[in-house]
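Hi there,

Here is the structure I promised to pass on. Have a look at it first, and my notes on what turned up follow below.

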Amino acid sequence: MSRVFFCCCVFVGMLGTLRAANPLAGTWRLEPDRGTDLPAWQTLDLDIRVTGHVVTITRKFAAGRRTFEDVTPVDLAKPFNVVPVAWWPDNRHIGAYIGGDKTERVRGEWIGGDHTLRLTTDLVLATQQGDHPVNILSNYTVSTNGRQLTLIEIRSTRSRPVVYVFQRINGDEARA
């Protein structure tokens with residue numbers, strides 16, 4: 001009888017630990033055929049870590065031998081986060097580069113529980129015509145089964161939203 005009680009306690013404890021893990025946390029691989037084209041890049045992986053009220057998003061771009069990685073830590077308890085930007089990899093083919101003070105100001109919040117993270121990002125892009133302030137509203141939403149992540153970005157410089165669909169991958173797939 002005591003073994004059954006012990007096993008039940010362990011099982012209930014494990015369920016609590018699993019429920020405590022944020023569904024957004026993990027490694028995600030872009031499925032390019034299911035969303036907006038990712039010009040100039042062949043692959044994009046996201047590594048998302050949630051530690052307390054800090055969400056860290058690492059984007060890993062690749063095209064042939066060319067790779068680029070950026071890390072955006074967002075403390076959701078702060079009114080905004082100032083994140084240094086070395087290079088702006090989004091739509092690099094259009095001749096827009098990070099401008100201004102080479103930072104982005106990012107504000108984040110959970111909406112609808114912990115399945116959707118909303119980020120509001122303000123930055124300045126430098127183009128041949130001069131500097132342009134840009135606002136990007138990003139919603140990261142995890143499916144109810146936890147296997148799919150949909151990222152919808154609304155940019156102040158585009159008339160249509162950008163939609164990316166990712167699938168959760170394990171550590172072995174991430175290294176491949």
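**The cavity, the pocket and one histidine**

Lining the largest cavity are Leu38, Pro39, Trp41, Leu44, Arg59, Phe61, Asp90, Asn91, Leu151, Glu153, Arg155 and Tyr164. Please keep in mind as you read on that this is a predicted model.

A search of the whole structure turned up 1 cavity of 30 Å³ or more. The space inside the largest cavity comes to about 80 Å³. Two strands, S3 (54-63) and S10 (148-155), each contribute at least two residues to the lining of this cavity. S10 gives the most, with 3 residues. Sorted by class, the cavity lining consists of 7 nonpolar, 1 polar and 4 charged residues.

Next comes the largest pocket, which holds about 340 Å³ of space. Its lining is made up of 25 residues, and those nearest the centre of the pocket are Arg59, Asp70, Thr72, Asp90 and Glu104. You may recognise Arg59 and Asp90 from the cavity, where they are also part of the lining.

Which strands supply at least two residues each to the lining of the largest pocket? They are S3, S4 (66-75), S5 (81-84), S7 (103-111), S8 (116-127), S9 and S10. S4 gives the most here, with 5 residues. As for classes, the pocket lining has 16 nonpolar, 3 polar and 6 charged residues.

I also looked at one residue by itself, His132, which sits in strand S9 (residues 130-142). Is His132 buried, exposed or partly exposed? Its relative accessibility is 35%, so His132 counts as partly exposed, given that buried means under 20% and exposed means over 50%.

Leaving aside residues up to four places away in sequence, His132 touches Leu123, Val124, Leu125 and Thr127. With Thr127 there is also a polar contact, made between the side chains of His132 and Thr127 at 3.3 Å. For a longer step along the chain, take Ile98: 34 residues separate Ile98 from His132 in sequence, and their C-alpha atoms are 9.8 Å apart.

If you want a place to start in the viewer, you could bring up Arg59, Asp70, Thr72, Asp90 and Glu104 around the centre of the largest pocket, then move on to His132 and its side-chain contact with Thr127.

Happy to talk it through whenever suits you.

Best wishes

Key
Residues are numbered from 1 along each chain as its sequence is written. This is a predicted model: local features need pLDDT of at least 70, side-chain atom pairs count only at pLDDT 80 or more; totals for chains, interfaces and linings use all residues. Side-chain values use heavy atoms; hydrogens and water are left out. Helices (H or I, at least four residues) and strands (E, at least two) are DSSP runs, numbered from the N terminus. Buried means under 20% relative accessible area, exposed over 50%, partly exposed in between (1.4 Å probe, protein chains only). Contact means heavy atoms within 4.5 Å. A polar contact is a pair of N or O atoms within 3.5 Å; within protein, one must be able to donate a hydrogen and the other to accept it, and residues adjacent in sequence count only if both atoms are side-chain atoms. On a 1 Å grid over the protein atoms alone, a cavity is a set of points where a 1.4 Å probe fits but cannot get out, and a pocket is an open set with protein on both sides within 12 Å along at least five of seven lines; lining residues have an atom within 4 Å of a point. Grid points are joined across faces, edges and corners, and a volume is the space filled by probe spheres set on the points. Ala, Val, Leu, Ile, Met, Phe, Trp, Tyr, Cys and Pro count as nonpolar, Asp, Glu, Lys and Arg as charged, and the others, Gly among them, as polar.
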